[in-house]
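Please open the model in your viewer and set the chains in separate colours. The tour below proceeds by selection, and each stop states what is to be found there.

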There are 2 protein chains.
Amino acid sequence: MATLKELAKLLNISVSTVSKALNDSHEISEITKRRVNELAEKVNYKPNRIAQQLKTNKTKTIGVILPKVTNPFFAEVLHGIETTATNSDYDIIVCLSNESFEKEQRSLELLSNGSVDGFIMAVARDTQVKEQSEHIKAAIASKIPVLMFDRVINEIICNKVIVDDFKSVYEATEFLIKKERRKNILLVSNVEELSVGKLRIKGYQKAIEEAKLQSQILKLANVDDVDESVYNYLKDNTGIDAIISIDHITGIIAINMAKKLGRSIPDDLSIIGFGYEHTHLLASPKISIIHQKAFEIGEVAVKLLIEQLNDEEHQQKTLIVPSELKLWESTKN
Amino acid sequence: MATLKELAKLLNISVSTVSKALNDSHEISEITKRRVNELAEKVNYKPNRIAQQLKTNKTKTIGVILPKVTNPFFAEVLHGIETTATNSDYDIIVCLSNESFEKEQRSLELLSNGSVDGFIMAVARDTQVKEQSEHIKAAIASKIPVLMFDRVINEIICNKVIVDDFKSVYEATEFLIKKERRKNILLVSNVEELSVGKLRIKGYQKAIEEAKLQSQILKLANVDDVDESVYNYLKDNTGIDAIISIDHITGIIAINMAKKLGRSIPDDLSIIGFGYEHTHLLASPKISIIHQKAFEIGEVAVKLLIEQLNDEEHQQKTLIVPSELKLWESTKN
DNA sequence: TTGTATGCGTTATCAT
DNA sequence: ATGATAACGCATACAA
């Protein structure tokens, strides 16, 4: 790779002149700028990013720590993060915690050595269960901003981007009750252990209570054969006329099991799940979803973090990205 | 962040002594090492990664360029890459081309300024369709190793990690013919435009020809309503007794549409698709898949690239990660 | 065993 | 308008 020094030698001028010429300084004559730029073009000179980083003490890089990239929600958030970061001239270094506290902690520590200007993260399931937070506080204490999204830790003060978990499920449940006139609504979940899962369940319960209906919850986070559990539950509780799933898997499974039991969807049984992008493609009838705007979450997160990076006085905020109820055939009549 | 200089001043010794002590040099006395390490621990000293990179001219970072991270195959490959890279003490910078040639090109250029030691990439659909390759050749020419996986460009000489596309589909088709005694096997696809899609189709065709059967291919890459197309095709061709899908979507759709048409799976109709990790969870009956070992692909890719980075004399190789036919209820009797 | 000096590639300050 | 020099934080060759 060509360096300033090499360009300078080839042109018989000093390094600093070359540097200034390339940065279009007014101190440099047009003729010199032309000569320098032509040569730079010819040898395909690119300023060494590492050297610039050392000099400016800014990496223009964001550390992104995700629990699991095979979860389509996080994949889509990553898409939003990458797009927005690139547009803002930032790189992203990606680490996956695999829902493990130890891995999350290690990643955070490793990147806290000047590799990144700030972090965007959703905490691991393990971290939430163990109620750990020191590792994140440590990063913040060493002046590296951390932004948490989706799964957040309340006691930590930092920028946050969250989904309206409570409200969206409350409204979806209300929709089933008031518009669809359903009376036996089952909630199925494999995320009941997460902060977001707890909020979603609360939203469901509030709507159910207000309508003086009976709350019914099927928890599947630690179940081996989810298909079987759902199948059996539906078989034993034939009165169920609606299902709300609070994750991106169990709603589709519910559709499949209900069909297997000969239930007619949506006439006999309305189903609403959570989803992103192409989730509905994989279900038949197409599943209605509470659509989390995952891409937008990533987008908003990057913008907010960069805002903080550019402003010492920045005030910590919590932004809410509203979800959208998308009705498909599984509820539409 | 604490620096060597600060530690040195606090201890009244020289910077180089501190540096050597932290690197456990034999030149330094145990007593000094202890003093240094204790202070470093106390002030939470971490060597500045950027400075190390500038010094050693190695970033210990791999640039990863993926066409789409919301595709579960690439998400799982990324998982394998991240895990292996972390274990080998490498970071990864992730860029998404979104199947666009321009974005891919830009990412490659931007990171070719010393930001990474090498690249791992799968080329964008757009790049394959337009048959572009200069941008990749440019990176290789400037001495940054590039490893291509899954979707590769034949004319470029570099390390490659590929799947046995031809063989796996050939064998799956053969399985349907010989073991399942199927005679009207339909191939459905939404990847017929890609290098991998073409190979998979060839594998199907070879098996079909050898058995003197009739080749039937339903191409869906540019179709709007995939459900409808599949539904109509199956309705109009009631003789079909097996389906092989060469992507991770259309197989599940085929199951759903076949059920809708009252076909009994697998007795009446065997279905095999492509899949990764939890694909089968979303289908009922659980879909049989040609399981691409996506995690392993990522793992092998990182190891091979690092091998090259550590060895000037490295010979370019093409490694094949074999797929595995995983039978579930949709073919089992 | 410890310390001094140099350089990685860049930018910025201060001469000339 | 151009050039010399220092500095970012670290590692290392060479002195002492």
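The stops run from the domains of one chain to the protein interface and then to the two DNA strands.

**Before selecting**

This is a predicted model, in which local features need pLDDT of at least 70, side-chain atom pairs count only at pLDDT 80 or more, and totals for chains, interfaces and linings use all residues. Residues are numbered from 1 along each chain as its sequence is written, chains are lettered from A and ligands numbered from 1 in the order in which they are written, and side-chain values use heavy atoms, with hydrogens and water left out.

**Stop 1: chain A**

Select chain A and colour it by domain: domain 1 covers 4-47, domain 2 covers 59-162 + 294-321, and domain 3 covers 165-291. These bounds come from an automatic or database domain assignment. The C-alpha centres of domain 1 and domain 3 of chain A are 64 Å apart.

**Stop 2: the interface of chains A and B**

Next, display both chains. Contact (heavy atoms within 4.5 Å) links 48 residues of chain B with 48 residues of chain A. The two chains bury about 4,300 Å² between them, 59% of it on carbon and sulfur atoms; buried area is the accessible area (1.4 Å probe) that two parts lose on being put together, summed over both. On the chain B side, select B:Ile50, B:Asn113 and B:Leu282, which lose the most area to chain A and together make up 15% of what that side buries.

Four salt bridges cross this interface, a salt bridge being a side-chain nitrogen of Lys or Arg within 4 Å of a carboxyl oxygen of Asp or Glu. To view a salt bridge, select A:Lys103 and B:Glu82, whose closest N and O atoms are 3.0 Å apart. The elements that give two or more residues to the side of chain B touching chain A are α4, α5 (72-87), β2 (91-96), α6 (101-111) and α12 (250-260) of chain B. Helices (H or I, at least four residues) and strands (E, at least two) are DSSP runs, numbered from the N terminus. The largest share, seven residues, comes from α5(B).

**Stop 3: DNA strand D**

Now select DNA strand D and the 25 residues that surround it; the closest are A:Thr17, A:Lys20, A:Lys55, B:Leu4 and B:Tyr45. A residue is near a strand if one of its heavy atoms lies within 4 Å of it. Of the strand D atoms within 4 Å of the protein, 57% belong to sugar or phosphate and the rest to bases.

Which atoms approach phosphate oxygens of DNA strand D? An N or O atom in the side chain of A:Ser29 is 3.1 Å from such an oxygen, and a backbone N or O atom of B:Leu4 lies 2.7 Å from one. A polar side-chain atom of B:Ser19 lies 3.4 Å from a phosphate oxygen of DNA strand D.

**Stop 4: DNA strand C**

Finally, select DNA strand C. Of the 26 residues around this strand, A:Tyr45, B:Ser16, B:Thr17, B:Lys20 and B:Lys55 come nearest. Sugar or phosphate accounts for 62% of the strand C atoms within 4 Å of the protein, and bases for the rest.

Zoom in on B:Ser16, where a polar side-chain atom lies 2.8 Å from a base oxygen of DNA strand C. An N or O atom in the side chain of B:Glu27 is 3.3 Å from a base oxygen of DNA strand C. At B:Ser29, a polar backbone atom is 3.0 Å from a phosphate oxygen of DNA strand C.

How values were computed. A polar contact is a pair of N or O atoms within 3.5 Å; within protein, one must be able to donate a hydrogen and the other to accept it, and residues adjacent in sequence count only if both atoms are side-chain atoms.
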